[in-house]
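Let's take a walk through this one together, starting with some rings and then working outwards. Have the viewer open and follow along.

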Amino acid sequence: MYYVPDGTTRCGFYECEECGSRFLSLQTGPRMVCPYCGEEIDLEIGPDEELPQVKESARLLSVLEGDEVEKMDALLSLALTGGDYSWI
């Protein structure tokens, strides 16, 4: 599969409020950091710099289970590949 490993039976379907991207994640919490626009924390900061705040901008739309996981993964990956489903 494209977003989650093969054989995944439960995952979360998220949408980012900042960039609008939708994705699947093995996490099923109510909010998480967007993998596309979320800022990774750089712990090597100088004395005059502040530690950046982690912003959880992706919110859980639904929890997918069973066959829904594979179907949604294929559907979302078609949007990214431009309709080229020959790799499925």
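**Rings, strands and sulfurs**

Tyr-14, Phe-23 and Tyr-36 are joined into a cluster by ring pairs. Keep in mind that what you're looking at is a predicted model. In total, the structure holds 3 aromatic pairs. One of them brings Tyr-2 and Tyr-3 together edge-to-face, with 5.4 Å from centre to centre and 75° between the planes. These two tyrosines part ways when it comes to burial: Tyr-2 has 44% relative accessibility, so it counts as partly exposed, while Tyr-3, at 18%, counts as buried because the cut-off for that class is under 20%. Back in the cluster, Tyr-14 and Phe-23 make a stacked pair, with centres 5.7 Å apart and 15° between the planes. Both Tyr-14 and Phe-23 are buried.

Now for the strands behind those rings. Tyr-14 stands opposite Phe-23 in E2, and that pairing belongs to a ladder of 4 bridges that joins E1 to strand E2 (residues 22-25) in antiparallel fashion. E1 and E2 make a hairpin with 5 residues between them, and in the turn you'll find Gly-20 with a positive phi of about 80°. How many residues of strand E1 (residues 10-16) are buried? The count is 6 of the 7, so E1 is largely enclosed by the rest of the structure.

E1 has another neighbour too. With strand E4 (residues 58-65), E1 pairs in the antiparallel sense over 7 bridges, and here Phe-13 stands opposite Ser-62 in E4. E4 in turn is joined to E3 by 2 bridges, again antiparallel, with Arg-31 standing opposite Arg-59 in E4. Put it all together and you have 4 strands in an open sheet, ordered E2-E1-E4-E3, with antiparallel pairing. Which strands stand at the edges? They are E2 and E3, and each has a single partner strand, so one side of each is left without a neighbour in the sheet.

Next, follow the chain out of E2. Gln-27 sits in the loop between E2 and strand E3 (31-32). Is Gln-27 buried, exposed or partly exposed? With 45% relative accessibility, Gln-27 counts as partly exposed. Leaving aside residues up to four places away in sequence, Gln-27 touches Cys-11, Gly-12, Tyr-14 and Met-32. That list takes us back to Tyr-14, a member of the ring cluster. As for Phe-13, Gln-27 is 14 residues from it in sequence and 9.1 Å from it in space, C-alpha to C-alpha.

Last stop: the sulfurs. A disulfide is a covalent bond between the sulfur atoms of two cysteines. How many disulfides does the structure have? The count comes to 0. Cys-19 is in no disulfide, and its nearest cysteine sulfur, that of Cys-16, lies 3.7 Å away. For Cys-34, the closest cysteine sulfur is also in Cys-16, at 3.7 Å, and that is too far for a bond because the sulfurs would have to be within 2.5 Å. The surroundings of these cysteines are worth a look as well. Cys-19 is partly exposed, with a relative accessible area of 41%, whereas Cys-34 counts as buried at 2% relative accessibility.

Conventions:
Residues are numbered from 1 along each chain as its sequence is written. This is a predicted model: local features need pLDDT of at least 70, side-chain atom pairs count only at pLDDT 80 or more; totals for chains, interfaces and linings use all residues. Side-chain values use heavy atoms; hydrogens and water are left out. Rings of Phe, Tyr and Trp (its six-membered ring) pair if their centres lie within 6.5 Å; planes under 30 degrees apart count as stacked, over 60 as edge-to-face and the rest as tilted. Buried means under 20% relative accessible area, exposed over 50%, partly exposed in between (1.4 Å probe, protein chains only). Two strands pair if DSSP finds at least two bridges between them. Contact means heavy atoms within 4.5 Å.
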